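Please walk me through the interior of this protein, taking a few residues in turn and saying what surrounds each of them.

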Amino acid sequence: MRLYGDGIVVHQSQSDEGVIEVVDTGDSRSMHFGTFARQSSMRISMPHALDLSYTQSMMGCLLLNPNPKRVLVVGLGGGSVVKFLLHHFPDCHVDVVEYRRDVMEVAQTYFGVPFNHPNLTIHKGDGYLHVSRCFYDSDQSYDLLLVDAYDHNGMAASVGVQAFFDACAGIMTPDGVMSINLWGSERANFNTTMQRINQSFDNRSMILPVENKGNVIALATNFDISHAELKQLRSNVEDWEMRYQINLPKALQNMIRQNRNFISRLFA
C-alpha cells in the first residue's frame, strides 16, 4: 500500500493510544501517528545518525555538556536520539521512559532500538510520574535530560506543568543540561512553558529555533556559563561537528544570535 507521496507503508497498527504507521521512502524510514508529520525518522543505511533537524538541534546540549555519563530520555519515538547516544558515548548509560507499549514495540522491530543493550534501560510509564519518582524516591542524577514527549495531539500535558520542570532541575547533576522540544508556533503555550522552565532553573535557559521548522529547542542548565567556557566552545565545536555529523557550529551561532540578552549578561 502506498501513501505519503512515494512512501511505502511497511507497518500499520492501532491501539487505545492511537495509530502508528511506519513509512519507507528510499533510504529513509519514518514513524507517523496517523498524520503526515514525522514523529521520528532514520536513515536505513546509517541507523545511528540523526535524520531530522530538530533531533540534531536537541543535541545542541552537547555544546554545554560534551561528556555525559548518564542520560534520561522522556519519549522514545523511533529511538533516534537513543541510538545516537549509545553509538557515540559507549560509557554512557541511557534511561528512557515511554508511555506507549506499541511505540516501544515498533521502535525495537522497525527502528532497531537495541532493548538488550547493557547501557540502555527502558521504562514504560508517564514521563512526569517517572521524573517525579526519580526526584522524590531516588538519588539518581543525570548529565542530560532530553524531553520529546509528543503524540498526534501535541506535547503531553503532564510534561508542561511547573512540578515537572521543578523535578527535572532536581534530578540533574550540577553540570546537567535539559533539552526539550517545543512548538514555537503555539505562542501562548510556548511562552507559558518557557516561564515555567525559567522559574525552575533560575532563569538559566536558552532557546535554539530549528531552521525552517516550527520547533524550538529550549536548553536549561543548573550552572552559569562563563566567558572562558564560551571561548572554549568555539575552539572545539568544529571537531565535535566532524565526530557527530551535526552542524554544531551553526547551532552555537544560532544560540548566540537568539539569546542576546543571555550572552550580554555573560560578558557584563
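Two residues are said here to be in contact when heavy atoms of one and the other lie within 4.5 Å. The model is a predicted one, and with that in mind Leu 145 offers a place to begin: beyond residues up to four places away in sequence, Leu 145 touches Leu 72, Val 74, Cys 168, Met 172, Val 177, Met 178 and Ser 179. Leu 145 belongs to strand β8, which covers residues 142-147, and because its relative accessible area is 1%, under the 20% cut-off, it counts as buried. Between the C-alpha atoms of Leu 145 and Asn 67, which stand 78 residues apart along the chain, the separation is 13 Å.

From this one residue we can turn to the nonpolar cores. The largest of them has 45 residues, and Met 59, Leu 63, Leu 64, Phe 84, Leu 85, Val 94 and Leu 146 are those with the most contacts inside it. Helix α2, residues 80-88, gives the most to this core, contributing five residues. Another core, of 28 residues, lies apart from it and includes Tyr 150, Val 159, Ile 171 and Ile 180. In soluble globular proteins, nonpolar side chains tend to be buried together.

A polar residue can be followed in a similar way. His 32, in strand β3 (residues 28-32), is buried, with a relative accessible area of 4%. Its side chain reaches two backbone oxygens, that of Thr 35 at 3.0 Å and that of Ala 37 at 3.2 Å. With neighbours within four places in sequence left aside, the contacts of His 32 are Tyr 4, Val 19, Ile 20, Glu 21, Val 23, Ala 37, Arg 38 and Gln 39.

Notes: Residues are numbered from 1 along each chain as its sequence is written. This is a predicted model: local features need pLDDT of at least 70, side-chain atom pairs count only at pLDDT 80 or more; totals for chains, interfaces and linings use all residues. Side-chain values use heavy atoms; hydrogens and water are left out. Helices (H or I, at least four residues) and strands (E, at least two) are DSSP runs, numbered from the N terminus. Buried means under 20% relative accessible area, exposed over 50%, partly exposed in between (1.4 Å probe, protein chains only). A polar contact is a pair of N or O atoms within 3.5 Å; within protein, one must be able to donate a hydrogen and the other to accept it, and residues adjacent in sequence count only if both atoms are side-chain atoms. A nonpolar core is a set of buried Ala, Val, Leu, Ile, Met, Phe, Trp, Tyr and Cys residues joined through side-chain atoms within 4.5 Å.
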